[in-house]
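Welcome! Take a moment to look over the sequence and the 3D picture, and then let us walk through them together.

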Amino acid sequence: MLLRPTLSAYTTHFATTEPAVAAQHGVSIAGTLPDCNQNTPVKSLQCALSALRLVMRLRPQVIISTGSAPGFFCLLAGRLTGARTLWIDSVANAEELSLSGRLSQIVAHQCWTQWEHLAGPKGPHYHGAVL
Amino acid sequence: MILVTVGMQLGFDRLIKAMDRLAPELGQPVIAQTGKGTYTPQHMEARARIAPGEFQGLMQEATLIVSHAGIGTVLTAARVGKPVLLMPRREDLGEHRNDHQLATARSLVGRPGILIAMDESELADRVAEGLQSGPVTAQESPTARQLHAALAAFIERRPR
């Protein structure tokens with residue numbers, strides 16, 4: 001949400017697991033994904049398929065995720081359609097990169113942390129923070 | 001109104017006690033969400049937990065939010081545009097399992113809308129500053145500008 005001032009310069013589609021939150025902030029949603037995590041394998045599979053369908057439909061040139069498993073699946077789907085993919089780990093992860101953030105280091109073109117002390121020469125990289 | 005919050009998981013009586021001592025001099029009501037603390041405040045309206053919907057409303061009404069150095073509160077305060085004062089929990093006092101809140105507090109020093117009291121001795125001065133600071137926007141900080149510029153560069157395939 002805090003990245004919108006920059007994203008608004010481009011044609012942007014938002015996907016979320018919480019359409020109510022998006023509506024609260026006045027954001028129209030291109031797709032809703034089922035929420036999932038490492039403890040919900042069936043939901044995760046459903047989410048991965050939904051993410052793939054969404055990415056196939058929209059064919060974005062760039063996919064950005066600011067966190068959690070559904071965002072990760074969008075980046076994964078983006079690699080299949082040739083999108084450039086960026087993971088920006090949530091600023092809430094001040095102690096260590098999230099699990100999906102660590103996985104995105106393998107999958108995404110770039111993986112950023114919002115905490116300088118978590119950055120390393122091989123990534124994740126630090127390029128500022130929303131705060 | 002000043003809103004004090006220490007999260008739901010743990011107590012943080014050091015902050016609650018210190019705010020309770022200050023409360024009579026602040027000239028406005030203080031509402032405290034005290035978590036699993038054992039101290040009973042005398043000068044503040046105190047509740048162990050506050051439901052998310054009501055809590056959101058209180059954040060919007062507050063002139064200042066006083067909190068343990070939890071990043072969740074920092075993000076919510078940024079979203080509602082309110083100044084937030086952070087005092088970190090300490091491991092050696094049994095307030096958390098490690099000292100990551102000290103690290104968080106130190107790394108947030110100087111960011112717009114965020115005030116840091118490293119311990120209760122700094123609290124009164126920071127509260128006074130916080131009450132004078134007024135509404136804040138999250139986009140002003142140099143680190144936010146850096147992130148927005150880096151993001152635009154990534155999207156446009158420009159070098160950073």
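What percentage of the 160 residues of chain B count as buried? Keep that question in mind as you turn the model, which is a predicted one. The answer is 38%. For this count, a residue is buried if 20 or more other C-beta atoms lie within 10 Å of its own.

Now let us see how chain B is built. You can find six helices and six strands in it. If you follow the sequence from start to end, these elements come in the order β-α-β-β-α-β-α-β-α-β-α-α, so try tracing that pattern with your finger.

Next, consider the overall dimensions. Along the principal axes, the C-alpha atoms of chain B fit in a box of roughly 60 × 35 × 30 Å. A compact globule of 160 residues would have a radius of gyration near 15 Å, and the 17 Å of chain B agrees with this. Contacts tell us about the fold too: among those in chain B with a separation of 6 or more, 54% are between residues 24 or more positions apart.

Finally, chain B has a partner. Here 23 residues of chain B are in contact with 17 residues of chain A. On the chain B side, the elements that give two or more residues are α3 (71-80), α4 (100-108) and α6 (142-155) of chain B. The most comes from α6(B), with 10 residues. Sorted by character, the residues on this side of chain B are 13 nonpolar, eight polar and two charged.

Terms used. Residues are numbered from 1 along each chain as its sequence is written. Chains are lettered from A and ligands numbered from 1 in the order in which they are written. This is a predicted model: local features need pLDDT of at least 70, side-chain atom pairs count only at pLDDT 80 or more; totals for chains, interfaces and linings use all residues. Helices (H or I, at least four residues) and strands (E, at least two) are DSSP runs, numbered from the N terminus. The radius of gyration is taken over C-alpha atoms; the globule rule is 2.2 Å times the number of residues to the power 0.38. A residue is buried if 20 or more other C-beta atoms lie within 10 Å of its own, exposed if 12 or fewer, and partly exposed in between; C-beta atoms are placed from the backbone. Two residues are in contact if their C-beta atoms, placed from the backbone, lie within 7 Å. Ala, Val, Leu, Ile, Met, Phe, Trp, Tyr, Cys and Pro count as nonpolar, Asp, Glu, Lys and Arg as charged, and the others, Gly among them, as polar.
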